[in-house]
Structures are given as C-alpha cells and as structure tokens.
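Dear colleague,

I am handing over the structure we spoke about, and it is placed just below so that you can keep it open while you read. My notes on what was found in it follow.

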Amino acid sequence: MTNLAKTVLVLGATGNTGFPLVKQLLTRGYSVRVVVRSLDKFSQELLKNPKLKVMNENLLDLNHEQLRQTVKDCGNIVSCLGHTMSLRGIFGEPRALVLEAVKRICIAIKDTNIKVKKKFLLMNTVGNRNPGENVTTSEKFVLYLLRCLVPPHYDNEAAAAYLRDEISSENDFIEWVVIRPDSLINDEISPYEVVSFPPRTIFNGLKSTRSNVAHFMCECIENPSTWHRWKGKMPVVFDK
Ligand SMILES: NC(=O)c1ccc[n+]([C@@H]2O[C@H](COP(=O)([O-])OP(=O)(O)OC[C@H]3O[C@@H](n4cnc5c(N)ncnc54)[C@H](OP(=O)(O)O)[C@@H]3O)[C@@H](O)[C@H]2O)c1
C-alpha cells in the first residue's frame with residue numbers, strides 16, 4: 001500500500017465511534033490525522049504515538065487552504081461527526097455541522113488536484129432512507145417530522161445526499177461509502193452484519209455497536225473487495 005492509502009483523516013475523533021476508530025486504525029498500522037476541539041480523550045501515551053498527528057482546532061474554523069493541506073496527504077477520510085446531544089448541540093449552531101464539513105472537505109480534496117481517488121466514509125444513520133427503499137406510511141410521517149423538527153437528522157440526510165447526488169460515482173477525486181448504523185451502543189467488537197437496505201422499520205430497530213461500525217470502516221479502508229462491494233452505496237451495519 002502507498003503512504004497515501006495508509007493515511008487516514010478522522011473527523012469526530014473524540015466521539016464514541018471516532019475514538020475507537022482511531023485506536024483500531026493505529027493497531028492496524030495506519031497513520032492517523034485528527035482535527036479535534038479538545039485533547040481530553042487522548043492519553044499522553046497516545047499523543048506520543050508517532051503515527052498519530054493531532055491538530056487541536058475547531059474543524060469548521062479551518063480555512064480552505066488549511067483543509068487542503070490537511071487532506072492532501074490522506075488517502076482516506078472518515079467522518080464520525082455528530083451533534084452533541086444537548087439542547088445547544090441539537091438546536092444551536094452549527095446546524096449543518098456534518099453537511100458543511102463534508103462539503104468543505106470534498107472541495108478541498110478536489111483542489112488538491114491529485115487524481116488518485118480518495119476514499120470518503122461518512123457515518124450516517126439508518127433513519128436516512130434512500131429513494132426506492134420500503135418505508136411504511138407511519139415511518140414516512142415520523143421521518144418527515146424528524147426532518148422538520150430535529151436539525152441533526154436533516155443534517156445527516158443532507159450530508160449523505162451531497163455525496164450520493166453531487167459527488168455521485170462520476171468523480172475523478174473521491175469515492176465514498178455512507179455507513180448507516182442502527183441504535184448505537186458501546187461494547188467490544190462482536191459479530192455484525194452489513195446489508196444494503198434497512199431490514200426493519202425505524203420502530204423495531206436493531207443494535208449497532210460503535211466498535212463494530214469502526215471495524216467495518218477499517219475493513220472498507222483496508223480490504224479492496226469490501227471497498228469494491230460498498231463504494232457508492234449506503235450499507236446498514238448492525239450486530240448479529
Ligand atoms: N445515537 C444513535 O443511536 C445513532 C444511530 C445512528 C447514527 N447516529 C449518528 O452517528 C454519528 C456519530 O455518533 P457518535 O455517537 O459516535 O457521536 P458522538 O460520540 O456524539 O461524537 C460526535 C463527534 O462530533 C464532534 N463534534 C460535535 N459538534 C462539533 C462541532 N461543532 N465542531 C466540531 N466537532 C464537533 C464531537 O467533538 P467534541 O468531542 O469536541 O464535542 C465528537 O468528536 C452522528 O452523526 C449520529 O447522528 C447515531
């Protein structure tokens with residue numbers, strides 16, 4: 001693998017999924033870059049790891065040139081960003097955290113002018129249904145309410161739509177996978193399944209362990225057949 005392919009930029013690296021992802025990637029021998037608002041989660045031992053490069057900045061405060069320099073040497077970008085689950089996090093600014101970050105990173109990737117396609121993995125939600133997927137009338141109603149009333153839900157949908165519709169599969173710079181976990185829980189890695197469509201309604205969902213989501217992200221980055229299987233798609237990941 002080239003240096004580019006062995007380098008991963010993780011956004012949301014202090015989060016409940018981002019942090020285990022950073023640790024799994026380092027264990028697999030990847031060079032990892034993170035942009036974090038706080039260093040609290042990172043032990044001194046981790047900070048001394050020569051494979052980890054930490055930028056202690058607020059992601060959306062970085063200008064275009066800083067983002068361009070950050071993504072230039074990374075062959076893989078993973079967003080585990082999510083709104084903080086507080087009133088301020090849900091209803092305050094930045095309302096379009098994930099969309100804004102995804103758009104700005106994609107524009108920065110294009111402006112590197114490096115025509116080796118970078119892998120972009122976006123953590124999303126099973127509550128985001130694709131056109132053509134089976135959705136009952138009551139689900140449609142609840143998803144409509146969520147879209148109108150809960151900004152993070154709209155943000156997740158808009159960020160995935162940007163990759164699916166704007167970046168699409170006709171792009172010289174970026175290939176993407178949008179990963180849709182179900183109800184997230186914290187636990188150790190365990191057997192999990194990856195499927196193309198949500199197997200259940202939003203009312204009787206399944207559990208998705210965050211370490212399993214991180215494991216699947218690592219597999220997408222490391223395993224060419226996994227990437228080939230899921231690129232340009234929105235797989236659903238849940239525990240067996
Ligand atoms: N909860 C569920 O059951 C569920 C199910 C499916 C999908 N999801 C989606 O999965 C994603 C990740 O979930 P998670 O539980 O791993 O997230 P999480 O633990 O809440 O982590 C969120 C990450 O985003 C960062 N962040 C939040 N606001 C930010 C801002 N304004 N600027 C920069 N960074 C910011 C946080 O950084 P700080 O540490 O600095 O705050 C943290 O690193 C979310 O998009 C969520 O909607 C959730």
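Two residues are taken to be in contact if their C-beta atoms, placed from the backbone, lie within 7 Å. Please keep in mind throughout that this is a predicted model.

With that meaning of contact, His64, Leu67, Arg68 and Val71 in helix H3 meet Arg104, Ile105, Ala108 and Ile109 in helix H5. The residues of this contact of H3 with H5 divide into five nonpolar, one polar and two charged. H3 covers residues 64-72, and its axis lies 8 Å from that of H5, with the two helices packing at an angle of about 70°. Because angles from 65 to 115 degrees count as roughly perpendicular, H3 and H5 are described as roughly perpendicular to each other, and their crossing is right-handed.

Helix H5, which spans residues 97-110, also packs against helix H7, which spans residues 151-167. The axes of H5 and H7 come within 7 Å and cross at roughly 25°; since an angle under 35 degrees counts as roughly parallel, these two helices are roughly parallel to each other. On the H5 side the contact is made by Leu97, Val98, Leu99, Val102, Lys103 and Cys106, while H7 brings Asp155, Asn156, Ala158, Ala159, Tyr162, Leu163 and Ile167. By class, the contact of H5 with H7 has 10 nonpolar, one polar and two charged residues.

H7 appears again around the ligand, where H7 and strand E7 (residues 183-185) each supply at least two residues of the surrounding shell. In total 26 residues surround the ligand, and the closest are Thr14, Gly15, Asn16, Thr17 and Gly82. Sorted by class, this shell has 10 nonpolar, 14 polar and two charged residues.

Some details of the backbone may deserve your attention when you go through the loops. Glu93 and Pro94 are joined by a cis peptide bond, with omega about -5°, and Pro94 has its place in the loop between helix H4 (residues 87-91) and H5. In the loop between H5 and strand E5 (residues 118-123), Asn113 has a phi near 60°, a positive value in a residue other than glycine. Asn113 has 10 other C-beta atoms within 10 Å, and because 12 or fewer is the limit for an exposed residue, Asn113 is classed as exposed. Ser168, found in the loop between H7 and strand E6 (residues 174-181), likewise has a positive phi in a residue other than glycine, here near 50°. With 12 other C-beta atoms within 10 Å, Ser168 is exposed.

Finally, which residues does Leu26 touch, leaving aside its neighbours within four places in sequence? They are Val32, Asn49, Lys51 and Leu52. Leu26 itself is found in helix H1, residues 18-27, and counts as partly exposed, with 16 C-beta neighbours inside 10 Å. The C-alpha atoms of Leu26 and Gly232, which lie 206 residues apart along the chain, are separated by 26 Å.

With best regards

How values were computed:
Residues are numbered from 1 along each chain as its sequence is written. This is a predicted model: local features need pLDDT of at least 70, side-chain atom pairs count only at pLDDT 80 or more; totals for chains, interfaces and linings use all residues. Helices (H or I, at least four residues) and strands (E, at least two) are DSSP runs, numbered from the N terminus. A residue is buried if 20 or more other C-beta atoms lie within 10 Å of its own, exposed if 12 or fewer, and partly exposed in between; C-beta atoms are placed from the backbone. Axes are lines fitted to C-alpha atoms, for helices over the stretch in contact, and angles run from 0 to 180 degrees between N-to-C directions. Angles under 35 degrees count as roughly parallel, over 145 as roughly antiparallel, 65 to 115 as roughly perpendicular and the rest as oblique. A crossing is left-handed if the near helix is turned anticlockwise from the far one by less than a right angle, and right-handed if clockwise. Ala, Val, Leu, Ile, Met, Phe, Trp, Tyr, Cys and Pro count as nonpolar, Asp, Glu, Lys and Arg as charged, and the others, Gly among them, as polar. A residue is near a molecule or strand if its C-beta atom, placed from the backbone, lies within 6 Å of it.
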